[in-house]
Structure formats: structure tokens, C-alpha cells
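I sat down with a new model today and kept notes as I went. Here is what I looked up, in the order I looked.

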Amino acid sequence: MFTGIVEEIGEVTAVEQLTNAARLRVRGPLVTSDAGHGDSIAVSGVCLTVVEVSGGEFTVDVVNETLQRSSLAKVATGDRVNLERATPAGGRLGGHIMQGHVDGTGVFLSRDENGVTTFALPEHLSRYVVEKGSIAVDGISLTVAAVTGDQFKVALIPTTLEATTLGGREAGDLVNLEVDVVAKYVEKLAEAHIRDQVHNRDGGGTEERS
């Protein structure tokens with residue numbers, strides 16, 4: 001699990017294309033200080049497993065499923081990425097509970113002089129995003145300031161702009177999105193109950209008596 005509090009901005013130092021996968025090498029002196037083979041590090045919000053650590057850099061393999069759902073499909077050598085180690089049991093929950101399982105990508109649209117930033121929101125994720133709820137953008141825990149159909153806004157403080165890759169984003173850039181997992185579970189659990197209510201309302205639950 002992660003909390004969306006970015007620990008450092010890393011740099012992709014190598015990208016190797018594999019069969020239905022990619023291997024990335026990322027420079028991150030802080031997150032590699034205690035990392036080893038098999039540990040989890042979130043790279044711009046994507047939970048990845050460390051394959052190797054060497055000289056302040058770590059290597060990860062990104063499978064095709066992850067490439068299709070995230071912006072890592074377009075990552076290149078020299079790109080900057082947000083890095084966060086997995087949260088230890090008993091650690092501070094500074095942001096919100098995140099899995100590092102990206103739900104899809106959005107698009108950076110604009111940012112005004114007050115830090116209010118607007119992103120395009122995929123239609124299949126819009127029902128999970130609510131005003132004052134939490135959302136992860138490129139692995140950053142953010143509070144939704146407003147949501148209207150296919151867009152949502154967040155208000156970014158200067159520290160977030162300086163300490164994460166969002167400060168360098170330009171219009172049209174892809175960003176990774178992870179919605180609140182609680183909303184998805186509630187929807188799944190409620191489906192059967194709602195279906196039964198509709199069925200009974202429409203007369204499907206009545207029985208004939210002689």
C-alpha cells in the first residue's frame with residue numbers, strides 16, 4: 001500500500017522493450033537507500049516490483065497490462081517520475097490509502113495562477129470521483145476541488161508543484177489516475193441489492209396464490 005506522499009522525483013535512465021513488457025531503470029537515491037529485490041516502489045503511481053538495485057538506481061519490469069492502462073507505455077529515457085516506497089505497517093497515513101493499481105489515464109488540461117489544475121477524466125472513472133474526495137494523480141494523493149462530467153479540478157500548493165512532476169506538466173500530457181478503491185468495492189457490493197430492488201419493483205418477485 002501507498003499513501004500518495006511522493007518521496008522524491010526520480011529519473012528514468014534506461015528503457016528496454018521486452019516481449020509484451022518493458023524493463024525500466026530508474027535513478028532514485030532515497031527510495032533505493034533501503035530497497036532490495038522484491039520490494040515495491042510506486043513509479044508515478046504504478047506499483048512495481050524491484051528486480052535489482054545498484055548505485056542509487058533500481059530496475060523494474062512493466063507487464064503489458066500495466067503498459068496498456070498507464071502512461072508508462074510512453075516513458076522514455078530522461079523522463080522524470082514520482083517515487084514512493086510502500087508504506088510500512090504502523091507508518092503515517094499522510095495522504096489516502098492507495099494500491100498503486102492505476103485505473104486509467106487522464107490528460108493535464110490547464111493550471112491557473114492560484115494552482116487550480118484541471119484534468120480530463122475518462123468516462124468510465126467519472127462516477128468514482130466526487131467533490132472533496134481523494135484521487136491519485138501520477139501517484140500523488142490529491143483532494144478533488146470540483147468535478148463536472150469529463151473533467152475534475154484540484155488545488156495544488158507550491159510545495160506539491162516543486163516536489164512532484166506536476167510542476168512541469170504541460171497541456172496534453174498524460175497522467176496516471178487511481179480512484180478511491182472504497183468506491184469501487186461499494187459499487188460492486190451494492191450491485192446485487194440494486195438489481196433485486198429493480199426486479200421486485202417491476203413485479204418479478206410476486207407469487208401467484210390459489
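The entries below go from the whole chain to the two annotated repeats and then to a group of aromatic rings.

**Entry 1: the whole chain**

I noted at the outset that this is a predicted model. I counted the secondary structure and got 3 helices and 12 strands. I then took the extent of the C-alpha trace, which spans about 80 × 40 × 35 Å along its principal axes. Burial came next: 39% of the 210 residues count as buried. For the surface I have about 11600 Å² accessible, with 49% of that belonging to carbon and sulfur atoms.

I also checked how contacts spread along the sequence. Among contacts with a separation of 6 or more, 70% are between residues 24 or more positions apart. Last in this entry, the charges: there are 18 positive and 30 negative ones, and their mean positions lie 1 Å apart.

**Entry 2: the two repeats**

I went to UniProt for annotations. An unreviewed entry there lists "repeat: Lumazine-binding" for residues 1-96 and 97-190. How much helix and strand does the chain have over each stretch? Over residues 1-96 I read 6% helix and 46% strand. Over residues 97-190 I read 17% helix and 39% strand. I looked at the ends as well: the end C-alpha atoms are 10 Å apart for residues 1-96, and 21 Å apart for residues 97-190.

**Entry 3: aromatic rings**

How many aromatic pairs does a search of the whole structure find? My search came back with 2. One of them joins Phe-108 and Phe-119 in an edge-to-face arrangement, at 5.7 Å centre to centre and with 80° between the planes. I wanted to know what this pair links. Phe-108 sits in strand β7 (residues 104-111) and Phe-119 in strand β8 (residues 116-120), so the pair ties together parts that are 11 residues apart in sequence.

Are these rings buried or exposed? Phe-108 is buried, with a relative accessible area of 4%, and Phe-119 is buried too, at 0%.

Phe-119 turned up again, this time with Phe-152: that pair is stacked, at 5.3 Å centre to centre and 20° between the planes. Phe-152 belongs to strand β11 (residues 151-155) and Phe-119 to strand β8, so here the parts tied together are 33 residues apart in sequence. Phe-152 is buried, as is Phe-119.

My closing note for the day: Phe-108, Phe-119 and Phe-152 make up one aromatic cluster.

Definitions and conventions. Residues are numbered from 1 along each chain as its sequence is written. This is a predicted model: local features need pLDDT of at least 70, side-chain atom pairs count only at pLDDT 80 or more; totals for chains, interfaces and linings use all residues. Side-chain values use heavy atoms; hydrogens and water are left out. UniProt positions are given in the numbering used here, feature names are shortened, and annotations may be inferred rather than shown by experiment. Helices (H or I, at least four residues) and strands (E, at least two) are DSSP runs, numbered from the N terminus. Rings of Phe, Tyr and Trp (its six-membered ring) pair if their centres lie within 6.5 Å; planes under 30 degrees apart count as stacked, over 60 as edge-to-face and the rest as tilted. Buried means under 20% relative accessible area, exposed over 50%, partly exposed in between (1.4 Å probe, protein chains only). Contact means heavy atoms within 4.5 Å. Accessible areas come from the Shrake-Rupley method with a 1.4 Å probe; for residues, only the protein chains shown count as cover. Lys and Arg count as positive and Asp and Glu as negative; His and the chain ends are not counted. The place of a charge is taken as NZ of Lys, CZ of Arg, CG of Asp or CD of Glu.
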